[in-house]
Amino acid sequence: MRILSGLQPSGRLHIGNYFGMMEAALKLQHEGEAFYFIADYHSLTSIHDGKLLRSHVRDLAIDFLACGLDPAKCVLFRQSDVPEHTELAWILSTVTPMGLLERCHSYKDKIANGISPSHGLFAYPVLMAADILIYDSDVVPVGRDQKQHVEVTRDIAVKMNLAFGDGLLKVPEPRIREETAVVPGLDGRKMSKSYDNTIQLFEEPGALKKKIMRIVMDSTPLEAPKPIENNSVLDLYKLVASPADYQTMVDDHLRGGIGYGDFKKRLLEAMLAHFAPFRERRAEIVADPAYVNRVLAEGAEKARAIARKTLDRVRAAVGLGD
Ligand code: ADP
Ligand code: TRP
C-alpha cells in the first residue's frame, strides 16, 4: 500500500494540523510505503516572500522529523525538488472541467479570508491531483477540509483513464480520521492560520499559557455545572490527556464548583507533557542542520525516480515526445 500526503509550509505547524493529519500520517508510516512532502509550490499561492517561504520549508521538515517521522521507513521530500509534479498538473488540467474546480470550497473560503484570487489558487486542486497521482498512491490521509480535493483527484484520474486508457492512473482513497476531524481553535471556530486562532505545536510554554488562558468560554458561574458540548478546553484536553483524566474533567464539569481557569491549567499541563518528547527531539534536530539536508536530498532522489516513471507513462499515453 502506498500512502501519500503533503502539508503546506505556510506557517508553523499547529495542533489542528497535528491531530487532523500528521498524527495519523505518522502512524501509517508503519503500515505501508509512505511518502510525505512539503508542498512549497502550493504555498506560493499565499506567500510571496522567498526568504520566508524557505524558512517555513525548513521548519516544517524539522517539525515532521521531531514528531516522529522516520526517514528509514518513509520518504520525506520537498515538492519543488520533484518538478515532474508541475508537468503532470498541466496535462491533468487539460481534462479537468472548469465546473469541478468552481465547486471547490477551499478556493471560496480562501478568497473570503483575503487571499487574492490568482489562477494558481484556483488551479491548485489540479496540482494536488498531480501530487497524488504521480506516486500511484492508494491512500491519502488528510483533514476533513481536504476531502473534496481528494475527490477531485479521483474524478481527474477517472477522466484520464477514460481518455487515454484504463489503468493509466491509480484512483486513490482519502483517509479521514473522524474522531479528530475538526480541532477547535482559541475562539471555538476550526483552528486555522486564516482565523489567527491557533496553538502552535512548538509554542513556547509562556506563550502557550497565555493562549490557553485566552480561550473564549461561556459565563456559567463557578458553582454551576458546566456544559460539555462545544467546549474547546474540554475538546482540546481530550486530544492530549489520558482517557481517565479526560473522564475526571468531564465529571468535574457536570458536578460544578470548579471554574474554567482551573480546567485551563489542567489543559496546559497535559499539553506540555504530551509534547515534551517532541520538544526534546526538535532541539536535537535543530542542532544538526546537515541531518535535515541529508534527509531531504535522499527523499527527493527516491521520490523523483518514481515520479519520473509515472510521468513518462502519461507522456507516452497522451502523445508527448517520441
Ligand atoms: P490551515 O487551516 O491552518 O491553513 P491547512 O489548510 O494548511 O491549515 O491544513 C493542513 C492539514 O491539516 C490538512 O490536512 C488539514 O485538513 C489539517 N487541518 C488543518 N486545520 C485543522 C483543524 N482545525 N482540525 C483538523 N484538521 C486540520
Ligand atoms: N492541499 C493540502 C493542504 O492545503 C496540501 C497538499 C498538497 C496535499 N498536495 C497534497 C495533501 C497531496 C495531500 C495530498 O493541506
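Colleague: What makes the pair formed by an oxygen atom of ligand 2 and the side chain of Gln8 a polar contact?

Modeller: The oxygen atom of ligand 2 is 3.0 Å from an N or O atom in the side chain of Gln8, and a polar contact is a pair of N or O atoms within 3.5 Å (within protein, one must also be able to donate a hydrogen and the other to accept it, and residues adjacent in sequence count only if both atoms are side-chain atoms). The pair therefore meets the distance limit. This is a predicted model, in which local features need pLDDT of at least 70 and side-chain atom pairs count only at pLDDT 80 or more, while totals for chains, interfaces and linings use all residues. Residues are numbered from 1 along each chain as its sequence is written, chains are lettered from A and ligands numbered from 1 in the order in which they are written, and side-chain values use heavy atoms, with hydrogens and water left out.

Colleague: Which other side chains make polar contacts with a nitrogen atom of ligand 2?

Modeller: A polar side-chain atom of Tyr124 lies 2.7 Å from a nitrogen atom of ligand 2, and an N or O atom in the side chain of Asp131 is likewise 2.7 Å from a nitrogen atom of this ligand. On its own, ligand 2 has 360 Å² of accessible area (by the Shrake-Rupley method with a 1.4 Å probe; for residues, only the protein chains shown count as cover), and the protein covers 92% of that area.

Colleague: How do you know which residues surround ligand 2 and ligand 1?

Modeller: A residue is near a molecule or strand if one of its heavy atoms lies within 4 Å of it. There are 13 such residues around ligand 2, with Gln8, Tyr124, Met128, Asp131 and Gln146 the closest, and 17 around ligand 1, where His14, Asp145, Val183, Ser192 and Lys193 come nearest. A polar side-chain atom of His14 lies 2.7 Å from an oxygen atom of ligand 1, and a polar backbone atom of Gly143 is 3.1 Å from an oxygen atom of this ligand. Taken alone, ligand 1 exposes 540 Å², of which the protein buries 91%.

Colleague: Why is a direction word given to the pair α11 and α12?

Modeller: Helix α11 (residues 243-255) and helix α12 (residues 260-286) have axes that come within 11 Å and cross at roughly 175 degrees. Angles under 35 degrees count as roughly parallel, over 145 as roughly antiparallel, 65 to 115 as roughly perpendicular and the rest as oblique, so α11 is roughly antiparallel to α12. Thr248, Met249, Asp252 and His253 of α11 make the contact (heavy atoms within 4.5 Å) with Tyr260, Phe263 and Arg266 of α12.

Colleague: What makes the arrangement of α1 and α12 perpendicular or parallel?

Modeller: The axes of helix α1 (residues 15-28) and α12 come within 14 Å and cross at roughly 70 degrees, and this angle makes α1 roughly perpendicular to α12. The contact is made by Ile15, Tyr18 and Phe19 of α1 and by Met271, His274, Phe275 and Phe278 of α12.

Colleague: What makes Asp136 and Asp196 worth a second look by their phi?

Modeller: Most residues other than glycine have a negative phi. Asp136, in the loop between α7 (119-133) and β4 (139-141), has a positive phi of about 50 degrees although it is not a glycine. Asp196 has a positive phi of about 55 degrees, and its place is in the loop between β5 (173-175) and α9 (205-214).

Definitions and conventions. Axes are lines fitted to C-alpha atoms, for helices over the stretch in contact, and angles run from 0 to 180 degrees between N-to-C directions. Helices (H or I, at least four residues) and strands (E, at least two) are DSSP runs, numbered from the N terminus.
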